[in-house]
Amino acid sequence: MRSIDYVASAQVASAQVALDAVVLQREDGRYVLDIVPARRTVDLDEGGLVLIAWDELKLEPLELTLEEIRREPRRSNANLVWAYSGVAVPVGLRLRIQQVLLEEGPMALGQLLKSLDGEGDAAVAVMALACANLVCLDLFSQPLSPTTLVRLYMQPERA
């Protein structure tokens, strides 16, 4: 997950359409979160306008069940990492983390932290950089640990 945003509404032709949408930016595109048990009921006309708005905003639906959202270790890992959202990372430490990952490539979190020994609170910095879309952490395969894979996030080139 690169970022999470909220879109309250969108303009479709001359109509203002209520979206109340959570938008997820991932490496493979932009998605509107469609949580099955939380879907709101809409009439056919409104539903059509919502689909047009999603298309104009280049959003693909990402259907998730409550069970998928709560699946471990993703849920605990995401909660842990997002606790560091907004933490300021000193520019020198940020650049050092990015440089190590650029030169060495993806690596285990423990290995990255060891290479940064003595450079402030590197673990907190890595978590904050993950929230800021600058590094990627594998939050799905196992609980966050020294073997968790970390890699530099490279912004896709825009056409």
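These legends go with close-ups of two helices in a predicted model.

**View 1. Helix 1, residues 44-56, end to end.** Here's a quick sanity check on helix geometry: with 13 residues at 1.5 Å a residue, helix 1 should span 18 Å, and its end C-alpha atoms are indeed 18 Å apart, so the two agree. Right after helix 1 comes Lys-58, with a positive phi near 60 degrees.

**View 2. The two sides of helix 1, buried and exposed.** Gly-47, Val-50, Ala-53 and Trp-54 are the buried residues here. They take up an arc of only 120 degrees around the axis, so they sit on the same side of helix 1. Flip to the other side and you'll find Leu-44, Asp-45 and Asp-55, which are exposed. As for what the buried residues pack against, look for strand 1 (3-12), strand 2 (15-26), strand 3 (29-35) and strand 4 (60-64).

**View 3. Helix 4, residues 91-104, end to end.** This one has 14 residues and runs 20 Å from first C-alpha to last, close to the 20 Å expected at 1.5 Å a residue. Just past helix 4, Gly-105 has a positive phi of about 85 degrees.

**View 4. Helix 4 and what covers its buried residues.** Leu-93, Ile-97, Gln-98, Val-100 and Leu-101 are buried in helix 4. Their arc around the axis is only 155 degrees, which puts them on the same side of helix 4. The cover over these buried residues includes strand 5 (107-108), helix 5 (109-115), helix 6 (122-131), strand 6 (135-137) and strand 7 (149-152). On the face turned away from the buried side, Val-91, Leu-102 and Glu-103 are exposed.

Technical notes. Residues are numbered from 1 along each chain as its sequence is written. This is a predicted model: local features need pLDDT of at least 70, side-chain atom pairs count only at pLDDT 80 or more; totals for chains, interfaces and linings use all residues. Side-chain values use heavy atoms; hydrogens and water are left out. Helices (H or I, at least four residues) and strands (E, at least two) are DSSP runs, numbered from the N terminus. The expected span of a helix is 1.5 Å times one less than its number of residues. Buried means under 20% relative accessible area, exposed over 50%, partly exposed in between (1.4 Å probe, protein chains only). The arc is that of the directions from the helix axis to the C-beta atoms. Contact means heavy atoms within 4.5 Å.
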